[in-house]
Amino acid sequence: MSAPWWAALRPAETRISCGTGQHVLRWADGRLAAADHPDAEGELVLAALGGDKAECVAVAEAWGAHHDDLDVLALGPRSPADELAVTWDMVRDLRSVLGHRMGRMGGRAASGWMHSGAAGRPPVSRLAVQRIRSMPMRHLSPEAERAQARRADLLSLFALGRDFQLALSGEVAMAWSAPGSPAPGRDLAAARPALTAALTGRLAPAAAGWLGIEPGQVHAVPHEGAGWGRAERDGAALRAALPASWLARVWAAGCPVVDGYLIVDVLDGAWPRARVRGLREPGAEPVVLSIRHEGEHWTVAAGAS
Amino acid sequence: MSAGSGETYLRLLAEAELRQGPVLAGPGPHIHRMWLAATALAAARAVDPGAAWQVLADFEMAARLRNGDARAILRSAHPPHWARWARPGPPAAGGPAAAPAAIPIGATLPLPPEREGWYGELQLLCLARTSAQAAITVATRWVGQARRSATPRPQHAPFHQVGALDDSGTSHPGALWDMGIEDGREWWDCHLGLTPALLAGTRWLEVGPGVGGRCVRVDLAAPGPPPVPVSVRPTEPASTAARLLDRAGEELLCHGPDSLAGGLPLGPRIALLIQDLTRSGALLADHPAVRRLAALGWRLGVDLGAGSYRDGAGSRAPAGRLPAAWASVLIDGGTRDGPAGVAPFAASLPEIDGARLALAGLRSARDGMTLHVMASGWAPLGLGWLVHGTPAGHEPPDVSLSWQARDSAGRWHLVRGTNWGSRQGMIQMHLTPPLHPSASSLEVIISGTRSEIRAAVPLDWMDGGPR
């Protein structure tokens with residue numbers, strides 16, 4: 001039995017403004033937890049009945065709503081050098097605009113961010129007013145309003161920080177990697193272009209460094225059969241077929257290339273150690289490696305077998 | 001082409017563009033690479049328009065998330081109307097398109113003095129109508145000045161308000177549409193929209209008032225001129241992608257490879273278009289449409305990246321053969337010898353690809369001509385997209401119908417631009433090069449996806465002939 005997909009992922013923790021205090025959000029073992037809200041589900045029920053929704057609970061709800069959202073892969077980071085400039089100020093500004101609209105419509109946000117608390121719907125500062133005035137304020141359909149609210153939700157998840165961005169990307173990739181028939185409501189064929197781009201966009205910078213080629217020479221497609229897939233040279237190009245789960249198990253863990261090996265799967269372990277399969281070169285058979293996270297990088301701790 | 005290959009191509013292109021760290025200029029004519037590719041593939045039906053928009057929105061948001069531009073997040077969640085179409089083109093109407101009819105008028109309505117004594121005239125070409133709409137096609141200009149004054153001719157078209165009264169006593173206020181910007185041109189080609197539409201059985205109209213209360217009477221019951229010869233023949237089906245490339249070739253001929261669009265000359269834009277269509281699998285790299293466009297590029301000295309220079313420095317012509325219209329325009333494209341005049345012909349055409357059309361006269365000038373059309377069930381959506389760029393919200397081109405013309409002297413003409421969008425479904429098509437000076441008729445050729453209409457309209461000039 002293979003390791004859970006999050007075996008090599010670093011647990012993440014952050015503090016956010018919630019109510020009048022700073023609360024801890026933690027992601028570990030494949031799930032997000034609001035440490036200061038032991039009965040988050042109960043709070044959600046109360047919120048649905050008209051009560052206030054705590055920011056922590058709202059974020060946890062948004063996390064669940066986006067756990068299979070391919071937009072996460074389209075918008076999220078591609079490589080360590082690829083940083084999102086998403087801040088809580090930006091999220092607050094967007095919420096102010098959208099809250100103003102929703103209020104004007106007499107409606108209620110479906111996606112959970114219209115809640116109480118410092119990070120929920122704060123008093124609008126003069127600076128925020130200036131920013132809001134510079135935003136497009138045309139009348140939108142309810143469908144477009146919901147789409148914008150959904151994007152604001154997603155940005156709030158990105159604002160949690162890089163480790164959370166990687167974890168969420170991993171969850172989305174795994175949602176589209178389930179063996180056998182896809183889950184109800186998921187059209188794998190329709191998702192294939194997005195998954196192909198997600199794989200290529202993340203393999204390219206890693207493999208380019210691995211082989212010393214241009215990222216544009218890296219072509220990846222989803223591998224949907226048995227085994228880890230393949231990675232072969234085609235002239236100057238690299239052509240790879242990798243399962244979407246590679247994004248979760250390997251890329252999200254930050255170990256696509258370790259000490260000259262292209263890592264294709266994680267066999268077992270727990271961060272900061274993992275046993276993986278890696279390719280020394282394209283076309284070669286993968287070998288088993290033990291790797292260890294030190295500082296900000298993974299290194300090979302024990303030799304190939 | 002496999003399902004999803006168009007979207008896959010777009011998404012991979014977006015990845016490549018993101019790696020370059022794009023700085024997006026925002027909506028407007030300065031489009032970015034992804035706009036061109038997405039609208040091209042949507043127009044070629046290589047990708048569902050909604051999917052094309054989604055890729056664009058994701059790309060723009062991804063780019064702006066990397067430089068902290070919050071405004072884009074709201075903008076990118078607001079799809080343009082074309083993204084909701086099942087295919088490029090107007091939403092399907094609730095029934096068959098209403099058949100427009102046109103009758104020639106061929107009369108001049110002198111107008112009273114307006115600003116600083118300047119007075120103009122309306123040359124009334126044709127009445128075009130369906131059961132729900134009516135319009136009179138018009139060429140208008142300033143004629144002279146009633147009093148001595150040093151003021152120059154107004155830059156705008158004559159403003160004088162005219163309308164129509166029918167034989168039942170019903171008044172039809174008129175609205176002159178598309179007078180253009182204040183650019184001081186000599187002639188304005190436009191139409192007078194009449195509201196309400198004419199009832200069936202209307203026998204005559206009086207259009208006015210002009211100077212001294214004069215009116216022009218339009219007799220709808222009188223026998224008209226001999227019908228215009230119209231023929232319909234089936235044609236070989238061509239893919240939408242191929243038709244899009246053919247349209248690109250025509251725009252290249254009409255505007256020249258150096259005309260700027262979105263900050264990029266037309267030649268390189270067309271090279272990108274060829275690249276998008278062939279690499280996405282919408283067209284094979286050696287498709288005849290690619291080859292003839294490459295041949296055109298070679299003739300114009302433009303490297304379109306499609307084999308036109310494959311033998312080095314353009315030493316050998318590529319294999320594609322130029323269509324007769326293209327070859328003709330290559331020769332006559334720069335001419336400025338067109339007759340100046342107005343020809344009030346009228347022709348109602350049979351249905352083509354669900355569209356019903358009527359030709360409603362033209363005005364010829366030294367450097368080109370303007371053909372008036374009433375259309376039902378079709379509009380020249382996105383025509384000029386390649387030349388003028390595609391600002392956010394503008395639709396990709398609909399190439400389901402293509403238009404060409406050939407005059408009786410053998411000179412071919414292509415559509416350089418259009419004005420359209422009025423409630424009446426009126427379209428002004430600007431054709432280039434100008435009519436041959438000796439032309440006595442014009443064959444208008446409309447190509448659909450499976451058939452072609454040819455209508456040979458007479459060039460019987462108003463006021464005694466061309467000037």
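What covers the buried residues of α1(B)? Start with the helix itself. This is a predicted model, and in it helix α1 of chain B runs over residues 5-19. The helix has 15 residues and reaches 21 Å from its first C-alpha to its last. That is close to the 21 Å expected at 1.5 Å a residue. Of those 15 residues, 11 are buried, so α1(B) is largely enclosed by the rest of the structure. The buried set includes G6(B), E7(B), T8(B) and Y9(B). L10(B), R11(B), L12(B), L13(B) and A14(B) are buried too, as are E15(B) and L18(B).

Now the cover. It includes a helix from the other chain, α8 (188-211) of chain A. It also includes α2 (33-43), α3 (49-65) and α6 (266-279) of chain B. After α1(B) comes G21(B), whose phi is positive, near 65 degrees.

Stay with chain B for the core. In soluble globular proteins, nonpolar side chains tend to be buried together. Here the largest nonpolar core has 218 residues. L41(B), A358(B) and L359(B) have the most contacts inside it. This core draws at least three residues from each of domain 1 (1-88) and domain 2 (101-224 + 337-464) of chain B. Look at A358(B) more closely. Leaving out residues up to four places away in sequence, A358(B) touches P100(B), A101(B), A102(B) and A128(B). It also touches A346(B), A347(B), S348(B) and L349(B). V373(B) and M374(B) complete the list of its contacts.

Next, follow α8 back into chain A. A207(A) lies in this helix. Is A207(A) buried or exposed? It is buried, with 23 other C-beta atoms within 10 Å. Setting aside neighbours within four places in sequence, A207(A) is in contact with V218(A), L238(A) and L262(A). Q217(A) is 10 residues from A207(A) in sequence. In space, the two are 9.4 Å apart, C-alpha to C-alpha.

α8(A) also meets a sheet. The helix lies across β4 and β6 of chain A, running at about 140 degrees to β4(A). The sheet is open, with 3 strands in the order β4-β6-β5 and mixed pairing. β4 (218-222) and β5 (230-234) stand at its edges. Each has a single partner strand, so one side of each is left without a neighbour in the sheet. On average, neighbouring strands of this sheet are turned by 15 degrees against each other, direction ignored. β5(A) is joined to β6 (residues 237-242) by 5 bridges, and the two run antiparallel. Across that pairing, E232(A) stands opposite R239(A).

Further along chain A come two hairpins. The hairpin of β7(A) and β8(A) has 2 residues between the strands. Within this hairpin, D259(A) takes a positive phi near 50 degrees. β7 (residues 257-258) and β8 (residues 261-270) pair in the antiparallel sense over 2 bridges. V257(A) stands opposite L262(A), and L262(A) is also a contact of A207(A). β8(A) then forms a hairpin with β9(A), with 2 residues between them. Here 7 bridges join β8(A) to β9 (residues 273-279), and the strands run antiparallel. A270(A) faces R273(A) in β9(A).

Last, turn to the early part of chain A. Here 3 strands form an open sheet in the order β1-β2-β3, with antiparallel pairing. β1 and β3 are the edge strands, each with a single partner, so one side of each is left without a neighbour in the sheet. Neighbouring strands of this sheet are turned by 25 degrees against each other on average, direction ignored. β2(A) and β3(A) pair over 4 bridges. One residue pair shows the register: the bridge partner of W27(A) is L32(A) in β3(A). Helix α7(A) lies across β1 and β2, running at about 110 degrees to β1(A).

Helix α2 (residues 55-65) of chain A belongs to this neighbourhood, since its buried residues pack against β1 (12-18), β2 (21-28) and β3 (31-34). Among its other packing partners are α1 (40-48), α6 (142-158) and α7 (162-175) of chain A. Of the 11 residues of α2(A), 9 are buried, so this helix is largely enclosed by the rest of the structure. The buried residues include E55(A), C56(A), V57(A) and W63(A).

How values were computed. Residues numbered from 1 in each chain as written. Chains lettered and ligands numbered in written order. Predicted model: local features only at pLDDT ≥ 70, side-chain atom pairs only at ≥ 80, totals over all residues. Core = buried A, V, L, I, M, F, W, Y, C linked by C-beta atoms within 7 Å. Buried ≥ 20, exposed ≤ 12 C-beta atoms within 10 Å, placed from the backbone. Domains from an automatic or database assignment. Contact = placed C-beta atoms within 7 Å. Pairing = 2+ DSSP bridges. Expected span 1.5 Å × (residues − 1). Axes fitted to C-alpha atoms, helices over the stretch in contact; angles between N-to-C directions.
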